[in-house]
Amino acid sequence: MKIEILDEAQEDLIHGFQFYEAREPGLGGYFLDCLCADIDSLLIYAGVHRLVFTYHRCLSKRFPFAIYYSMDREVVRVHAVLDCRRNPSWTKKRLEEEP
């Protein structure tokens, strides 16, 4: 199995990095390390997470973020990495815009 992080999810990670790095230098790097570890865990745990807005949702261990992904036979596609503090209607709209 392999993991594919789509462009939109990469942009989400960049925005999260910038947000936390602006709060405290070095925190953005820690954010990326934690979220990448959570994404890497999908190699083992992909498919066990509940479906939310038609995507599997993996909650981050350290930050209030969720990883929304889909699965094919051999590929886990990460569609979005979103802040859980956002309004759920915004999250739903954002996920519906996915190609």
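These points concern the sheet and three of the helices in a predicted model.

1. The sheet is open and is built from 5 strands in the order β1-β5-β4-β3-β2, with mixed pairing. Strands β1 (2-5) and β2 (51-52) stand at its edges, where each has a single partner strand, so one side of each is left without a neighbour in the sheet.

2. At the β2 edge, the connection to β3 (residues 55-59) consists of 2 bridges, and the two strands run antiparallel. Leu51 has His56 of β3 as its bridge partner.

3. Two helices lie across strands of this sheet, and they are best described separately. Helix α2 (residues 27-40) lies across β1, β3, β4 (65-71) and β5 (75-83), and its direction makes an angle of about 30° with β4. Helix α4 (residues 88-96) lies across β3, β4 and β5, running at about 145° to β5.

4. Helix α1 (residues 7-23) comprises 17 residues and spans 25 Å from its first C-alpha to its last, which is close to the 24 Å expected at 1.5 Å a residue.

5. Which residues of α1 are buried? They are Ala9, Asp12, Leu13, Gly16 and Tyr20, and, seen down the axis of the helix, the buried residues fall within an arc of 95°, so they line one face of α1. On the other side of α1, Asp7 and Ala22 are exposed.

6. As for what lies over that buried face, the elements covering the buried residues of α1 include strands β1, β4 and β5 together with helices α2 and α4. Of these, α2 itself lies across β1, β4 and β5, while α4 lies across β4 and β5.

Methods
Residues numbered from 1 in each chain as written. Predicted model: local features only at pLDDT ≥ 70, side-chain atom pairs only at ≥ 80, totals over all residues. Heavy atoms only, no water. Pairing = 2+ DSSP bridges. Helix = DSSP H or I, 4+ residues; strand = E, 2+ residues; numbered from the N terminus. Contact = heavy atoms within 4.5 Å. Axes fitted to C-alpha atoms, helices over the stretch in contact; angles between N-to-C directions. Expected span 1.5 Å × (residues − 1). Buried < 20%, exposed > 50% of the residue type's maximum accessible area, 1.4 Å probe, protein only. Arc of directions from axis to C-beta.
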